[in-house]
Amino acid sequence: MEKTSTDAFPSTMNSSEKQETVCIFGTGDFGRSLALKMLQCDYSIVFGSRNPLRSSLLPNGAEVLSYSEAAQKSDIIILAVHREHYEFLKELTEVLKGKILVDISNNLKINQYPESNAEYLAQLVPGAHVVKAFNTISAWALQSGALDANRQVFVCGNDSKAKQRVMDIVRTLGLTPLDQGSLMAAKEIENYPLQLFPMWKFPFYLSAILCVFFFFYCIIRDIIYPYVNGKKDSTFRLAISIPNRIFPIAALTLLALVYLPGVIAAILQLYRGTKYRRFPDWLDHWMLCRKQLGLVALGFAFLHVLYTLVIPIRYYVRWTLKNRTITQAKAKTEDPFSTSTAWLNDSYIALGILGFFLFVLLGITSLPSVSNMVNWREFRFVQSKLGYLTLILCTAHTMVYGGKRFLSPSSLRWYLPSAYVIALIIPCTVLVIKFILILPCIDKTLARIRQGWERNSKQTSNGQHLKQSSIYLDSQL
Ligand SMILES: Cc1cc2nc3c(=O)[nH]c(=O)nc-3n(C[C@H](O)[C@H](O)[C@H](O)COP(=O)(O)OP(=O)(O)OC[C@H]3O[C@@H](n4cnc5c(N)ncnc54)[C@H](O)[C@@H]3O)c2cc1C
Ligand SMILES: NC(=O)C1=CN([C@@H]2O[C@H](COP(=O)(O)OP(=O)(O)OC[C@H]3O[C@@H](n4cnc5c(N)ncnc54)[C@H](OP(=O)(O)O)[C@@H]3O)[C@@H](O)[C@H]2O)C=CC1
Ligand code: HEM
Ligand SMILES: [Fe+3]
């Protein structure tokens with residue numbers, strides 16, 4: 001599309017303090033809500049409607065005309081009409097020439113049409129300057145003022161002056177415009193409101209897979225095995241014992257998976273000898289949802305702690321203790337006190353408590369109100385260094401919990417080791433690789449690569465450098 005300057009049209013100011021006149025096509029929900037908000041901000045509003053005389057419920061102070069009459073009143077026209085009805089604009093091509101057409105439309109499905117609604121509009125009315133905006137704001141939020149959750153308005157368009165004027169309106173309405181570039185970005189902007197928690201999808205699916213896998217694993221080891229071998233009904237374990245295995249295991253595994261992409265990235269950088277090559281998409285995406293992975297892990301850790309707190313009041317636990325005491329009294333024997341067991345027991349619980357404390361600290365620093373108070377270095381220190389310490393403590397907690405039984409053949413059931421042994425595979429792998437990576441000789445090379453040094457620097461010209469998008473997580477914080 002050719003870029004014509006929007007200087008040609010002067011902004012239609014009514015008086016010194018009054019804002020300009022803006023035309024809104026369509027008297028539906030969104031058109032009315034936007035008009036009300038704009039009138040409150042001192043704009044003059046002219047509606048364009050199929051039936052100017054029959055339009056009702058319109059905010060006081062707004063004028064209603066036919067589409068072509070309304071278009072002549074302003075050089076900014078906000079199109080509050082569904083894409084399916086854009087056809088009528090073809091007849092207005094002459095009137096709309098050189099005007100700013102703001103496309104606010106959304107679709108019902110991702111990629112519903114081959115081209116974005118805004119690009120389609122630009123094809124329909126080639127003489128106008130199409131700007132995409134407002135589609136992520138709901139009519140209800142505009143009217144009720146409940147915009148705290150999302151004040152961001154993504155804006156894109158090919159004519160920078162037209163885009164600037166729309167961004168000025170957005171700002172005047174008390175919203176935050178975010179320039180997303182040319183109209184080519186419209187498709188992505190239109191997809192935003194249709195995505196349901198995009199960054200949470202991977203963590204949720206992953207935790208669902210982990211939980212299902214360990215659920216069946218525990219059912220086999222803790223319920224089916226005792227039944228087959230001793231006709232014992234252990235189904236009551238489904239309520240607390242098994243969840244209190246699945247949840248901590250999920251917490252530990254997910255925590256390790258937060259730190260695994262960092263070490264994979266480091267290995268890739270070492271192997272390639274440069275930081276200027278993009279990571280594969282899967283790694284990029286994984287890196288970008290580490291915060292969400294971490295928070296889901298924290299949720300599971302909380303559940304584990306709650307389930308652990310109720311252990312002493314469980315009937316099964318009280319019965320076992322009482323029964324053992326009675327059996328010992330009858331047999332006139334007693335368990336000798338084992339200092340090493342006491343040490344192991346206290347140690348694993350202490351490690352769990354400390355690990356959980358740091359875990360919560362990580363969660364607190366990820367709250368925007370807290371992360372905004374610390375600078376980038378401090379945030380990285382907490383997230384990276386304390387994060388690894390959390391992983392070390394939680395892994396140690398699980399290992400010491402295994403204690404003397406850890407890897408002993410007697411704890412195998414149908415050749416299956418205890419669930420926590422499997423849960424330790426990923427955390428231990430991450431910690432071992434991290435340990436290797438921080439060995440001085442490797443760490444030095446990695447640090448140089450991350451400062452921009454390249455092993456084969458002669459082969460790559462500076463102009464071709466591609467920045468890795470995943471490392472820069474600041475936008476997420
Ligand atoms: C409860 C909880 C909450 C979390 N909240 C957040 C959150 O709010 N936000 C968030 O982003 N993550 C969050 N996370 C995820 C995680 O803690 C962070 O992503 C953490 O930074 C990952 O650490 P890393 O060492 O693997 O980091 P990486 O960023 O992968 O860094 C690895 C190493 O490379 C270095 N490095 C990385 N990039 C560069 C570069 N471009 N140049 C030079 N050196 C570089 C770093 O100094 C670091 O030593 C959370 C995790 C948990 C468990
Ligand atoms: N509602 C919301 O919360 C949001 C809506 N949007 C977008 O805003 C646009 C308008 O949405 P909304 O106001 O909810 O929709 P409505 O159905 O409430 O309003 C659409 C308006 O379009 C006009 N129109 C023009 N031609 C036709 C036609 N052939 N058939 C029917 N109506 C026509 C009508 O106005 P008239 O009768 O005056 O001609 C009608 O009132 C959509 O593109 C939507 O995706 C974006 C973000 C949020
Ligand atoms: C206040 C903090 C914590 C306490 C008091 C605690 C206590 C316990 C206890 C008592 C057990 C044994 C449960 C049983 O006998 O069934 C256990 C097991 C376990 N804990 Fe913790 N824990 C804490 C935090 C954590 C954290 C933060 C993690 C990991 C992220 C974790 C991971 C595990 C794992 C993987 C097991 C083994 C589960 C199994 O297979 O039975 N714990 N913990
Ligand atoms: Fe143009």
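The following dialogue explains how several descriptions of this predicted model are justified.

Guide: In this predicted model, local features need pLDDT of at least 70 and side-chain atom pairs count only at pLDDT 80 or more, while totals for chains, interfaces and linings use all residues. Residues are numbered from 1 along each chain as its sequence is written, chains are lettered from A and ligands numbered from 1 in the order in which they are written, and side-chain values use heavy atoms, with hydrogens and water left out.

Visitor: Why is Ser105 called buried?

Guide: Buried means under 20% relative accessible area, exposed over 50%, and partly exposed in between, with a 1.4 Å probe and protein chains only. Ser105 has 5% relative accessibility and therefore counts as buried. Ser105 is placed in the loop between strand S5 (100-103) and helix H4 (117-124); helices (H or I, at least four residues) and strands (E, at least two) are DSSP runs, numbered from the N terminus.

Visitor: What makes the pair Ser105 and Asn117 a polar contact?

Guide: A polar contact is a pair of N or O atoms within 3.5 Å; within protein, one must be able to donate a hydrogen and the other to accept it, and residues adjacent in sequence count only if both atoms are side-chain atoms. The side chains of Ser105 and Asn117 are joined at 2.9 Å, so the pair is a polar contact.

Visitor: Is Asp222 buried or exposed, and how do you know that?

Guide: Asp222 has a relative accessible area of 7%, so Asp222 is buried. This residue is found in helix H8, and its side chain makes a polar contact of 3.3 Å with that of Arg413.

Visitor: Why is Phe236 called partly exposed?

Guide: The relative accessibility of Phe236 is 38%, and therefore Phe236 counts as partly exposed. Phe236 lies in the loop between helix H8 (198-230) and H9. Its C-alpha atom is separated by 9.1 Å from that of Ile223, 13 residues apart along the chain.

Visitor: How do you know that the span of helix H17 agrees with what is expected?

Guide: The expected span of a helix is 1.5 Å times one less than its number of residues. For the 13 residues of H17 (residues 425-437) that gives 18 Å, and the end C-alpha atoms are 18 Å apart, so the two agree.

Visitor: Which residues of H17 are buried, and what puts them on the same side?

Guide: Pro427, Val430, Leu431 and Leu437 are buried in H17. They cover an arc of only 120° around the axis, which puts them on the same side of H17; the arc is that of the directions from the helix axis to the C-beta atoms. An α-helix has 3.6 residues a turn, so residues three or four places apart point the same way. Ile425 and Phe435, on the other side of H17, are exposed.

Visitor: What makes a residue part of the surroundings of ligand 1?

Guide: A residue is near a molecule or strand if one of its heavy atoms lies within 4 Å of it. Ligand 1 is surrounded by 22 residues, the closest being Ser366, Arg380, Gln383, Ser384 and Arg450. An oxygen atom of ligand 1 is 2.5 Å from a polar side-chain atom of Ser384, and an oxygen atom is 3.1 Å from one of Arg380. Helix H15 gives the most to this shell, with five residues.

Visitor: How do the residues around ligand 1 divide?

Guide: Ala, Val, Leu, Ile, Met, Phe, Trp, Tyr, Cys and Pro count as nonpolar, Asp, Glu, Lys and Arg as charged, and the others, Gly among them, as polar. The shell around ligand 1 holds twelve nonpolar, six polar and four charged residues.

Visitor: Which residues come nearest to ligand 3?

Guide: Arg245, Pro248, His304, Gly352 and His397 come nearest, of the 18 residues around ligand 3. A polar side-chain atom of His304 lies 2.8 Å from a nitrogen atom of ligand 3, and a polar side-chain atom of His397 also lies 2.8 Å from a nitrogen atom of this ligand. The shell around ligand 3 divides into twelve nonpolar, five polar and one charged.
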